[in-house]
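Trainee: I'd like a close look at a single part of this model, followed by a sense of how that part sits in its surroundings. Please take me through it step by step.

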Amino acid sequence: MTEPLLRIEGLQKHFATTTGGAFSKVKGTVKAVDGIDLDIYPGQTIGLVGESGCGKTTAGRTILKLYEPTGGKITFEGQDITHLKPKQMKPLRSQMQMIFQDPFASLNPRHTVGTLIGAAFEIQGITPEGGIEAEVQRLMARVGLNPEHINRYPHEFSGGQRQRIGVARAIALKPKLIVADEPVSALDVSIQAQVVNLLEDLQDEFNMAYIFVAHDLSVVQHISDRVIVMYLGKVMEEADKVDLFTHPRHPYTKALLSAVPVADPIKGRKRERIILQGDLPSPVNPPAGCVFNTRCWKAQDKCRTQVPELMQIGKDPSHRIACHFPEE
Amino acid sequence: MTLKPFLEVKNLNVAFPTEDGLVQASNEISFTVARGETLAVVGESGSGKSVTSLAVMGLHDRKRTQISGQAILNLDSGPVDVISADDEVVRKLRGKAMSMIFQDPMSALHPYYSIGNQLIEAWSLYNEGDKAAGKKRAIEMLDLVGIPDAAKRVDEFPHQFSGGMRQRVMIAMALINNPSLLIADEPTTALDVTVQSQILQLIRDMQKEFNMALILITHDLGVVAEVADRVNVMYAGKIVESGGAEDIYYRPDHPYTIGLLHSIPKIGELESKRLVAIPGQPPSLINLPRGCSFRARCAFSDRVSGNLCATTAPTLDTKTNEHFSRCHLPEAELLKARKEIGGN
């Protein structure tokens, strides 16, 4: 296979927790992301799923170097960017962009749409053919906004339209990689489908790679080629979409899938479901051994002491899980 | 026992006067819920689902809200209309005859008081007895909603509980006086999916235990399918379709419902078909369009003769038994529409 667009090896991001105050001391570390590997190719979508606190957002941000990685290696188009300084990252920023969850918080309320989308060109010092304004209007039309609204402010748009502004801003410089962090979860159901379709069309058009961070498994299933399931900073399972959704091998993945409510009254109620006991443990003080052992119905002594390694399983060579007692 | 449903809402309208005009948040709402029955109310933000339930709870500020219609609670002592009754009367119903749980369990609990104190406060409104008796009841309730080590945790504060546990506390508080009607407004939206299934299970168990009438408000069609007996679909302040859960999911009659059901990706459907999105966005509630509110987004309004959708608001008509829809589309066209969108 050809060179991946982006390669992540053993990526880690740890945050120090402190006692606070003037003489603050380090109390401990939160291992928000603790070892992720991933190869992503042009035109591919990788879904990063898990519940709140699993580290999926941190992972997405660290991949784009919005956080300085604690360990591991990030290679973008063959170049090691793990420890590049912000200034050195700047020229690369046009290649990798981000779409944020909250279309209300991620747009500066004092700027017009024209300024917001046009900022991408100004920061990079690029003048598109025909000038910035014409290009911004072309982008607005492309994402389904009325180009005549270029001088309007974010508050004049609905949630779905604002997310379209965020999308236009992200694709302005024709990036090769977009990290989309929960891009549709703040939107109403009927609007979600519009934005998902838009993202898919743009991907077909520009052959961009997406890292799609989300907690909604049905959306992830729809949009992804490959899926990585995280729990407390660790990868539990990763596989091609079809394999993961039809034949999950990690107990956590299985429980997660069975917990998704199905929009079908007869099928939904007949379905066998695994209700996990308890809540997510605190990431400050994760369980020893396998991090999932406190909620796993298969946990044995081994799980409480030995950390399971991420290992290949089944026929698919890229299907990997971290579990001592995989599901059949 | 009466055979009447516990709650009867009749032609309820709620509007808020604002500087920009009258916001017609909820219009011509009629429905009933019996004890032991679960009614789900689905709709997008601004569709009027919360506004309607707040009116039933008597929680709107009457000085700033125009409310008309009736919301009758059929109590053992006789019927009471929440809308026309005095504030004092409604206050005595709240928490006892009817109770409500909210979306965000963090902001619904007071951070300064222990869980126990907040539960005891709710209990002491309707019960004689000292604090010790109240605390005993609080522990009993916490135990019932599945909080481990309830006797110890009753003295803890909201921040010491996780999101799922806080929602359990909210449920315990809502149920401490044995209400006959529970309104749950997006009770699992703020929760993770594995915790969501715990809470839904708990709500179902509690409903059986207390034989309550349950109104579940949500935007999640998956959640609705799992728990609802009947469903009201709301759009732009009106009920556009109402019926049994199976009717709504397998034989939807309103183009909005049909569109909604097909715009969500379903788990287990692995071939990546393009999602069928509903174009456009809901209308402003200030200047609702003449005719059908959904017309601008409807794929089928051109199949109704005489431009009826633009001129005349459709009424909520029965199609088959207990299945109502607010749409001008003739039956034959409707069957075609279902096929075209759904491919089945």
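Mentor: Happy to. Let's begin with a term we'll need: two strands pair if DSSP finds at least two bridges between them. In general, strands of a sheet pair through backbone hydrogen bonds, either parallel or antiparallel. Please keep in mind that this is a predicted model.

The part I'd pick is a sheet in chain B. Four strands make up this open sheet, in the order E2-E1-E4-E5, with antiparallel pairing. E2 and strand E5 (78-81) of chain B are at the edges with a single partner strand each, so one side of each has no neighbour in the sheet. On average, neighbouring strands are turned by 20° against each other, direction ignored. Now look at the middle of that order: strand E1 (residues 7-18) and strand E4 (residues 66-75) of chain B run antiparallel and are joined over seven bridges. To find your place in E4(B), look for B:Gln70, which stands opposite B:Lys10. Helix H1 (residues 49-56) of chain B packs on this sheet and touches E1, E2 and E4 of chain B. The direction of H1 makes about 115° with that of E1(B).

Next, let's step back to the domains of chain B, which are domain 1 (7-228) and domain 2 (253-342). Their centres, taken over C-alpha atoms, are 31 Å apart. Nine residues of domain 1 of chain B and eight residues of domain 2 of chain B take part in the contact. Here our edge strand comes back: strand E2 (residues 21-33) of chain B gives five residues, the largest share of the domain 1 side. By class, that side of domain 1 of chain B has four nonpolar, three polar and two charged residues.

Chain B also touches chain A, and each chain puts 39 residues into that contact. On the chain B side, helix H7 (163-175), helix H8 (193-210), helix H9 (221-227), helix H10 (245-250) and helix H11 (255-263) each supply at least two residues. H8(B) provides the largest share, seven residues. The chain B side divides into 18 nonpolar, 14 polar and seven charged residues.

That leads us to the partner. Chain A has eleven helices and twelve strands. Its radius of gyration is 21 Å, which agrees with the value near 20 Å for a compact globule of 328 residues. Buried residues are 48% of chain A. Among its contacts between residues at least 6 apart in sequence, 62% join residues at least 24 apart. The domain assignment of chain A gives domain 1 (6-95 + 177-191 + 205-321) and domain 2 (109-174). Seven residues of domain 1 of chain A are in contact with eight residues of domain 2 of chain A. That side of domain 1 of chain A has six nonpolar, one polar and no charged residues.

One last stop in chain A is A:Gln101, in the loop between strand E6 (96-99) and helix H3 (113-124). A:Gln101 counts as buried because 20 C-beta neighbours lie inside 10 Å. Leaving out residues up to four places away in sequence, A:Gln101 touches A:Asp181, A:Glu182, A:Pro183, A:Ser185 and A:Ala186.

Note on methods
Residues numbered from 1 in each chain as written. Chains lettered and ligands numbered in written order. Predicted model: local features only at pLDDT ≥ 70, side-chain atom pairs only at ≥ 80, totals over all residues. Domains from an automatic or database assignment. Contact = placed C-beta atoms within 7 Å. Nonpolar A, V, L, I, M, F, W, Y, C, P; charged D, E, K, R; others polar. Rg over C-alpha atoms; globule rule 2.2 N^0.38 Å. Buried ≥ 20, exposed ≤ 12 C-beta atoms within 10 Å, placed from the backbone. Axes fitted to C-alpha atoms, helices over the stretch in contact; angles between N-to-C directions.
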